[in-house]
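User: I am new to this structure. Please take one part, the open sheet and what packs on it, and look at it closely. Then connect it to the ring pairs and helices elsewhere.

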Amino acid sequence: MINRLKVPIDSLCYRCDEKEFSFVTTEEVAPLEGIIGQERAARALHFGLRVKGSGYNIYVAGPNGTGKSTYVFSEVTKLAAGQPSPGDWCYVYNFSHPSEPKMLFLPPGWGEKLSRDLAELIEDLKKEIPHVFNSEEFKEQQQLLINNFQKENSQMALELELLAKEAGLAVTQTPTGFSAIPVKEGKPLSQDEIASLPLEERQNIEEQTQRLQWRLMEALSRVKARSREVQKEMDNLKKRIALYAIDPYFRRLFARYERMPEVIEHFQRLMDDILDNLDLFKEPEEMQAAGSEGWDPYTKYKVNVLVDNCETCGAPVVVETNPNYYNLFGMLEYQDVKGRAVTDFTRIKPGALHKANGGYLILQAKDLLSHPLCWDALKRAIKNQEIRIENIGEHVKMVPISSLRPEPISLSVKVILIGSQEIYRLLYNFDEDFRKYFKVMVDFDSEMSLNRQHVDKYASFISSMVRKEGLKHFTAAAVARIVEYGVRLTGSRQKLSTRFNEVGEIIFEAVAWAEQEGSSLVEGKHVLKAIEEKKHRGSRVETKLQEMMLEEKILIKTQGAEVGRVNGLAVYRAGYYSFGKPTCITARVFAGDKGVINIEREAELSGPIHDKGVLILSGYLGGQYALNKPLALSASICFEQSYDGVDGDSASSAELYALLSALAEVPLKQELAVTGSVNQKGEIQPVGGINEKIEGFYQLCHSRGLTGSQGVIIPRQNVTDLMLPSQIVEAVKEGKFHIFAVSHVNEGMELLTGLTAGEALPDGSYPPGTLHYRIDCRLKEWADTILHK
């Protein structure tokens with residue numbers, strides 16, 4: 001039976017034969033095109049990038065280091081290159097509603113042209129308008145209007161003087177207008193003189209004065225009205241002269257942009273505003289001086305080219321590595337002017353959505369979700385198909401502040417989120433909008449089948465990386481060792497890892513060791529050195545634990561036999577490095593009805609999966625021994641010297657072996673360590689970390705001295721996962737260490753005790769002398785004792 005349960009030597013490890021390669025070094029290998037082993041993901045991405053319709057954005061899920069970001073960017077870039085380039089987005093001043101800047105959409109490259117044309121226009125008008133205002137023709141027409149107005153005023157004043165003279169009055173000017181005063185013999189009369197006049201004469205003077213005063217008021221009113229008319233005539237004159245000067249410039253612009261009606265409309269409004277604000281151009285030097293103090297009077301005539309796609313070949317592809325609110329949705333910048341924060345439409349800055357509009361936006365899901373408000377704002381933009389530029393302060397302030405509200409921009413973009421499976425599940429289950437707006441899921445795997453095609457592509461991957469990074473080329477033997485490392489990463493001898501980030505680390509480190517040795521090529525020994533040194537750098541905790549076991553500060557036996565005691569195996573992780581650690585599991589049994597007590601659970605050191613595994617033991621014991629009697633059993637199980645939490649069910653078979661040993665009072669061999677979970681039928685089930693567990697026990701045995709009887713019992717299903725180092729394989733070949741694979745508890749107990757487990761007879765009893773017979777007899781004893789109390 002022992003030989004039957006031994007794992008064959010050729011099943012202990014996968015060895016890649018470098019002789020099967022058709023090359024000597026990777027210099028002869030063509031670089032990799034595309035991606036390896038992700039056919040499902042590649043097919044989903046191909047579909048997601050090409051499907052049209054609302055909500056068909058993409059979520060790319062998978063473990064880190066599988067190359068998903070690089071592949072997505074490569075595929076999106078290739079597709080985008082064959083698509084049309086989007087136009088330019090520009091903000092201009094809104095002459096009707098200054099607080100709501102207007103958006104213009106122009107063909108690619110026309111944004112900068114428009115900006116230059118308007119800048120040149122304003123500079124030309126700064127020269128042309130003062131020039132026409134200084135012309136003789138304008139001055140003559142202006143002077144004619146002034147002279148006519150003065151002549152009319154003089155004629156009116158002469159008429160008033162004659163009226164006053166006939167009435168014996170004189171007209172004088174006061175701060176509030178004109179006033180009529182009585183005169184006698186050409187001299188004004190004082191109030192005392194007027195008071196001394198006869199009553200009839202005084203009344204006559206008052207009547208004449210009042211009558212003339214009304215005439216003066218009417219005259220003054222006519223003068224003011226006429227003054228306004230003259231001013232309008234003067235303004236109209238200026239506009240006619242200015243229009244005559246600026247019309248040729250605008251006609252050229254109208255002709256150039258005739259196919260862009262929104263631009264033509266803006267030109268018309270701009271021209272009207274210039275004609276209404278000609279004073280800005282009469283003294284451009286003074287206006288320029290005002291601009292140097294923080295206020296530029298010509299700002300409203302500028303163009304803010306928000307997105308310039310003149311150099312974009314195909315659709316834009318934007319990767320935003322810091323997707324905070326402003327980087328995604330743009331912002332309004334403010335300037336400190338004499339202690340006040342001011343802004344205008346030229347200070348509107350674009351975000352990644354603006355730059356990617358008409359193309360593709362690639363984001364890391366974790367980075368996006370870590371920034372407040374961004375996720376909700378992105379969903380809102382996708383839903384409404386528009387981008388609104390708002391300062392984030394408007395969302396959090398209690399009192400709204402006055403600011404610009406730029407016209408929204410229509411949005412047409414495919415958003416690609418890259419993240420983990422966990423984030424995908426959380427969003428899908430708890431955010432009802434997510435499944436509406438991200439309908440395509442691209443699922444990257446961390447492993448692929450181990451076959452000739454994928455092995456050859458591994459060589460192509462190494463060739464690509466070597467050429468891209470300018471590294472030394474790898475020999476066929478070095479490539480073979482990299483392939484073996486890729487198999488080890490998966491934990492299965494039938495799989496090959498797609499975690500190329502970790503594979504790439506070994507490539508870089510192997511090159512470094514080759515350079516230290518002065519080798520022109522990276523050989524197999526350099527790869528093995530890189531793997532061993534990386535393991536050594538992360539193994540401090542493992543080394544300390546091994547030392548404590550050798551010093552018997554942690555009690556682990558590797559020889560002899562003991563009742564109710566078994567060596568279990570656990571996996572610990574210290575950063576990137578995982579290692580196996582033997583652990584002592586003990587069981588004590590006695591008559592009672594409390595069942596199996598999990599000491600870890602009672603001490604609150606047990607996780608839910610471990611608790612489940614212990615409960616399964618009760619099911620097995622009941623089904624095996626209590627079909628014709630009550631299970632009169634109290635038992636305790638403990639992970640000795642365990643001070644951290646315990647979880648997982650990979651030690652449940654070891655716990656059962658300890659229980660059965662204690663019940664049968666049969667010792668278990670301490671030179672064997674055990675791993676594997678068990679179900680209620682007694683069937684052994686596969687576990688993870690099988691290679692690390694075997695290595696951990698082997699190192700302890702090797703340090704104490706191999707006796708030839710030591711080994712590990714593993715589930716039979718885990719045989720295909722074995723990828724053991726050559727040191728253990730050689731020890732097994734030489735008979736110094738053993739690997740056993742079992743499928744049932746009976747096989748494990750026979751290995752651990754040397755006794756036959758025994759099969760149940762038709763009446764439910766077991767053959768005398770077998771392991772189960774001993775246990776059954778003892779449990780009957782306890783049941784009878786409890787029943788007769």
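Analyst: What follows starts at the sheet and then moves outward to rings and helices. Keep in mind that this is a predicted model.

Start with the strands. Three of them form an open sheet, in the order β3-β2-β7. The pairing is antiparallel. At the edges stand β3 (102–106) and β7 (303–307). Each has a single partner strand, so one side of each is left without a neighbour in the sheet. From one strand to the next, the twist averages 30°.

Now take one pairing. β2 covers residues 88–92, and it pairs with β7 in the antiparallel sense. Four bridges join these two strands. Follow valine 92 across: its bridge partner in β7 is valine 303.

Next come the helices that pack on this sheet. Helix α4 (residues 110–133) touches β2, β3 and β7. The direction of α4 makes about 165° with that of β7. Helix α8 (residues 261–276) also packs on the sheet, touching β2 and β3. Its direction makes about 135° with that of β3.

Zoom in on α8. Histidine 266 has its place in this helix. Is histidine 266 buried or exposed? Its relative accessible area is 3%, and a residue counts as buried under 20%. Histidine 266 is therefore buried. Which residues does histidine 266 contact, leaving aside its neighbours within four places in sequence? They are Val92, Tyr93, Phe95 and Leu118. Val92 is the residue whose bridge partner in β7 is valine 303.

Turn to the rings. The count of aromatic pairs comes to 26. One of them joins phenylalanine 21 and phenylalanine 23: the ring centres are 4.9 Å apart and the planes stand at 35°, so the pair is tilted. Both of these phenylalanines are buried.

Another pair is tyrosine 424 with phenylalanine 434. Here the centres lie 5.5 Å apart and the planes are at 75°, so this pair is edge-to-face. Tyrosine 424 belongs to helix α16 (residues 421–430), and phenylalanine 434 to helix α17 (residues 434–437). The pair therefore ties together parts that are 10 residues apart in sequence. Tyrosine 424 is buried, as is phenylalanine 434. Both also belong to a cluster linked by ring pairs: Tyr59, Trp375, Tyr424, Tyr428, Phe434 and Phe438.

Charges meet rings too. Arginine 435 lies over the face of tyrosine 428, at 4.3 Å from the ring centre. That tyrosine is one of the cluster members. Elsewhere, the charged end of lysine 126 sits over the ring of tyrosine 298, 4.0 Å from its centre.

Now look at a helix pair. Helix α19 (residues 476–490) and helix α20 (residues 500–517) have axes that come within 10 Å and cross at roughly 145°. The crossing of α19 past α20 is right-handed. On the α19 side, Ile482, Tyr485 and Leu489 make the contact. On the α20 side, the contact residues are Glu502, Val503, Ile506 and Ile507.

One last helix. α28 (residues 745–753) is mostly covered, with nine of its nine residues buried. Among them are Val745, Met749, Leu751 and Leu752, along with Glu747 and Glu750. Glycine 754 follows α28, and its phi is positive, near 80°.

Technical notes: Residues numbered from 1 in each chain as written. Predicted model: local features only at pLDDT ≥ 70, side-chain atom pairs only at ≥ 80, totals over all residues. Heavy atoms only, no water. Phe/Tyr/Trp six-rings, centres within 6.5 Å; stacked < 30°, edge-to-face > 60°. Buried < 20%, exposed > 50% of the residue type's maximum accessible area, 1.4 Å probe, protein only. Lys NZ or Arg CZ within 6 Å of the ring centre and 35° of its normal. Pairing = 2+ DSSP bridges. Axes fitted to C-alpha atoms, helices over the stretch in contact; angles between N-to-C directions. Contact = heavy atoms within 4.5 Å. Left-handed = near helix turned anticlockwise from the far one by under 90°.
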